[in-house]
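Below is a short series of questions and answers about a predicted model, worked through in steps. Please look at the sequence and the structure before reading on.

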Amino acid sequence: MKKKLIRITTVSYSIKSLLKGQLKHMADHYEVIGIAASEPEGELEIACAEQNARAIPIQMTRRITPFQDLISLFRLYRVLKKEKPYFVHTHTPKAGLIGMMAAYMAGVPHRLHDIAGLPLLEAGGLKLSVLTFVEKLTYACATRVYPNSRGIHKIVLDRKFAKPSKFKVLDCISSNGVDTARFDPALFPESERQNLKASLGLSEKDFVCIFIGRLVKDKGINELVAVFDRLTLKHPDLKLLLIGMMEPELDPLLPRTLERIAKNPSIVEGGTQMDVRPYLAISDLLVFPSYREGFPNVPLEAGSMGLPSVVTDINGCNETVEHGKNGLIVTPKDEAQLTNAVERLLADRQLLQDMAANARSMISERFEQKRVWAAILQEYKELEKSDTTKTGNA
């Protein structure tokens, strides 16, 4: 019989999109179960069924909600005692905390957690203390912790969140890599691109900069919109395309930012899109000014689509982009540097073309999805082998 592998995320979207295809790959080797909050209703079940995995919905919140978190912990503990998995592998901060605690209480042999970002990096005061405690508790309950970037690895070591021996950075780094066969600009003919541009009010002469992600403060949206509100006055053919949704309850934008988005016709809202490839195909440059990341997928996907990027000098982003080769790197929260980077590429189209020519090959060589999956599977197999060796020695 196959050993059981349970993958846990806070919300079903992470299984549906961020881990797309990975559960199916693992299902060839393990009995895979996906656990998350199923919102919208049925999304988790559909996402798991598409990946040959069984779904068990458990409600979790992304905010600090002690009473609801205790209920989630109790429900998850009961599920783990019943299912008796060999591996529990968690992703995202809340799923990591609840998943690792429940797995520890249930006696799961291998309790694995991915660090895909640290919200505490932008926190202070009491919130910082609470989030630091949460991270330390999560790692204490885990048997192994995987920072998904070398920058994150350095942070957790410097802050002594756990013993160094508990952390391991896999060779592939990224949590899921990118499917370069799917993120291929050749899949989108010129007629399709023109139709999409027309539907968004963009013309053929426009220079389109795209941002993809949550439209929140921590993604640098306040600075991004402020920069483009000024730049579009000087460069009427410059457009900013925003793909994603706002989260006013969790991380609201400044009122001035909302006003600029609403009033500037050169800032185009594309909404939330399940398939971002057509929007990357009509763009000239990715602009991703995030304050913090684990290892973001967006620069990988943009690079695979042949787009150069302007990113901030943070972990993950600075491991995807090499300054001057496939993009430019700027300091987080620095509007002047962000302005200069965009204007530099507007003026120097040869540099833009050179970086675009490098972008796809650099991503395919380092972050191809199947390579990432193989590295994660190898890690599981090594843990199994280690148990077999211990049993034999005993």
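Q: Is Lys 381 buried, partly exposed or exposed?
A: In this predicted model, Lys 381 is found in helix 16, which runs over residues 369–393. Buried means under 20% relative accessible area and exposed means over 50%. Because the relative accessibility of Lys 381 is 36%, the residue counts as partly exposed.

Q: Which residues is Lys 381 in contact with, leaving aside its neighbours within four places in sequence?
A: Gly 303 lies 78 residues away from Lys 381 along the chain, and their C-alpha atoms are separated by 31 Å. Contact, by comparison, requires heavy atoms within 4.5 Å. With sequence neighbours up to four places away set aside, the contacts of Lys 381 are His 29 and Tyr 30.

Q: On which side or sides of helix 10 are its buried residues?
A: Thr 257 is found in helix 10, residues 255–263, and its relative accessibility is 1%, so Thr 257 counts as buried. The buried residues of helix 10 are Thr 257, Arg 260 and Ile 261. Because they cover an arc of only 100° around the axis, they are on the same side of helix 10.

Q: Which exposed residues does the face of helix 10 turned away from its buried side carry?
A: The buried residues of helix 10 have a cover that includes helix 9 (221–234), strand 8 (238–243) and strand 9 (267–271). Thr 257 itself touches Ile 221, Asn 222 and Val 225, not counting residues up to four places away in sequence. The face turned away from this buried side carries the exposed residues Pro 255, Ala 262 and Lys 263.

Q: Which residues does Leu 224 contact, leaving aside its neighbours within four places in sequence?
A: The largest nonpolar core has 61 residues, and Leu 224 is one of those that touch the most other members, a group that also includes Cys 209, Ile 210 and Phe 228. Beyond its neighbours within four places in sequence, Leu 224 is in contact with Phe 211, Leu 240, Leu 242, Val 287, Pro 289 and Leu 338.

Q: Which element gives the most residues to the lining of the second largest pocket?
A: About 250 Å³ of space lies in the second largest pocket, and of its 16 lining residues, those closest to the centre are Ser 283, Asp 284, Gly 306, Leu 307 and Ala 356. Two or more lining residues come from each of helix 11 (277–281) and helix 15 (349–367). The most, 3 residues, come from helix 15.

Note on methods:
Residues numbered from 1 in each chain as written. Predicted model: local features only at pLDDT ≥ 70, side-chain atom pairs only at ≥ 80, totals over all residues. Heavy atoms only, no water. 1 Å grid on protein atoms, 1.4 Å probe; cavity = no way out; pocket = protein on both sides within 12 Å on 5 of 7 lines; lining within 4 Å. Points joined across faces, edges and corners; volume = space filled by probe spheres on them. Helix = DSSP H or I, 4+ residues; strand = E, 2+ residues; numbered from the N terminus. Core = buried A, V, L, I, M, F, W, Y, C linked by side-chain atoms within 4.5 Å. Buried < 20%, exposed > 50% of the residue type's maximum accessible area, 1.4 Å probe, protein only. Arc of directions from axis to C-beta.
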